[in-house]
Amino acid sequence: MGVTINSEPLIRCDALGVAYGAGFVLENVTLHIRRGEFVGIVGPSGSGKTSLLRAITGSLAAARGSVEVTRGTRIGYVPQVESVDWNFPITVGEVLAMTRTRRHWPRTTRSERAEMKEVLEGLGLHGLEGRHIRELSGGQQQRVFVARAMFGKPDILILDEPTSGVDVRTRHEILHLLRDLHSKGSTILLTTHDLNGLASHLPRLVCLNREVIADGPPRETLIPEVLERTYGAPLHVLEHGGMPIVLDHDYTSSEVLRDTERQMRSERESRQ
Ligand SMILES: Nc1ncnc2c1ncn2[C@@H]1O[C@H](COP(=O)(O)OP(=O)(O)O)[C@@H](O)[C@H]1O
Ligand SMILES: [Mg+2]
């Protein structure tokens, strides 16, 4: 994809332990992220995904071990969309401008406006600066928060569950957007519990449940042994078009195949 992965990690978690009060929610987590990587953290609800991101972004201290972020590394954080108050009266332009802090109200300079325009154009949001965030589609809303993170020209983009709470079409849009950013050189770290729609498309997955269960490409991580240890329940894995497909309990295999076929068709169409 024309992206070079330098050997020097941007982020280095070594034997990291994270606790709320006395209870450890993460133990002995060793995870290094290098420039140019595209890494997904997967695991069930409550497995510590958000806590790990919070430890990396510095909003949660390491109780054991260490988190090191290479000096000068800028992190662009995209929160979970569910945590956003969509009724807050704010426009797309204001969401971006607010990242330039120490101002009571977003007042932007001419060069900031030019930079904002460039970021919004790159994400297919041009002309929406004055639009209220509530009036946007789910995919556009997610893009606004990616744009907000990109506005700071980050070295690494960190997204918490970028596809949770969005419909199938929006999920595809987000996957395409992230792949595109990665192919243009962005380093990306995200969490997801969407194994088939998102995780199986990433080059590297970290299966987490209090500790790192496995770390590697989907072919090595989306396998029954690893998934059972990660999710605490047996999961079946099918292969379809060379990709692993994880069957969860609420799904029959024919539903999964139908969804996957639909997704592949829409990917083919969007490439044309
Ligand atoms: N602020 C908090 N105070 C106490 N416990 C918390 C807090 N945030 C998360 N936890 C607990 O930490 C564990 C991991 O949570 P979290 O990192 O949010 O997992 P995930 O993002 O994978 O769902 C859960 O058991 C959760 O209840
Ligand atoms: Mg979470």
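A residue is buried if 20 or more other C-beta atoms lie within 10 Å of its own, exposed if 12 or fewer, and partly exposed in between, with C-beta atoms placed from the backbone. This is a predicted model, where local features need pLDDT of at least 70, side-chain atom pairs count only at pLDDT 80 or more, and totals for chains, interfaces and linings use all residues. Residues are numbered from 1 along each chain as its sequence is written, and chains are lettered from A and ligands numbered from 1 in the order in which they are written.

**Exercise 1. Place Pro-203 and classify its exposure.**

Step 1. Helices (H or I, at least four residues) and strands (E, at least two) are DSSP runs, numbered from the N terminus. Pro-203 sits in the loop between β7 (187-192) and β8 (204-209).

Step 2. Count its surroundings: 14 other C-beta atoms lie within 10 Å of Pro-203, so this residue is partly exposed.

Step 3. Two residues are in contact if their C-beta atoms, placed from the backbone, lie within 7 Å. Leaving aside neighbours within four places in sequence, Pro-203 touches Phe-38 and Pro-217.

Step 4. Compare sequence with space. Pro-203 and Arg-219 are 16 residues apart in sequence and 9.4 Å apart in space, C-alpha to C-alpha.

**Exercise 2. Describe strand β6 and its partners.**

Step 1. Five of the five residues of β6 (residues 156-160) are buried, so the strand is largely enclosed by the rest of the structure.

Step 2. In a regular strand the side chains alternate between the two faces of the sheet. Here Ile-156, Ile-158 and Asp-160 point one way, and Leu-157 and Leu-159 the other way.

Step 3. Two strands pair if DSSP finds at least two bridges between them. Four bridges join β5 (residues 75-78) to β6, and the two run parallel. Val-78 has Leu-159 of β6 as its bridge partner.

Step 4. Five bridges join β6 to β7, again parallel. Asp-160 stands opposite Thr-191 in β7. From β6 the chain crosses through helix α5 (residues 168-183) to β7, a right-handed β-α-β crossover. Right-handed means that, with the strands pointing away from the viewer, the path from the first strand over the helix to the second runs clockwise.

**Exercise 3. Assemble the sheet and find its edges.**

Step 1. Six strands form an open sheet in the order β5-β6-β7-β3-β8-β9, with mixed pairing.

Step 2. β5 and β9 (211-216) each have a single partner strand, so they stand at the edges, and one side of each is left without a neighbour in the sheet.

Step 3. Axes are lines fitted to C-alpha atoms, for helices over the stretch in contact, and angles run from 0 to 180 degrees between N-to-C directions. Helix α7 (residues 224-231) lies across β8 and β9, running at about 150° to β9.

**Exercise 4. Work out how α4 and α5 pack.**

Step 1. Helix α4 (residues 138-150) and α5 pack at an angle of about 30°, with their axes 9 Å apart.

Step 2. Angles under 35 degrees count as roughly parallel, over 145 as roughly antiparallel, 65 to 115 as roughly perpendicular and the rest as oblique. Therefore α4 and α5 are roughly parallel to each other.

Step 3. Name the residues in the contact. Among them are Gln-142 and Val-146 of α4 and Ile-174 and Leu-177 of α5.
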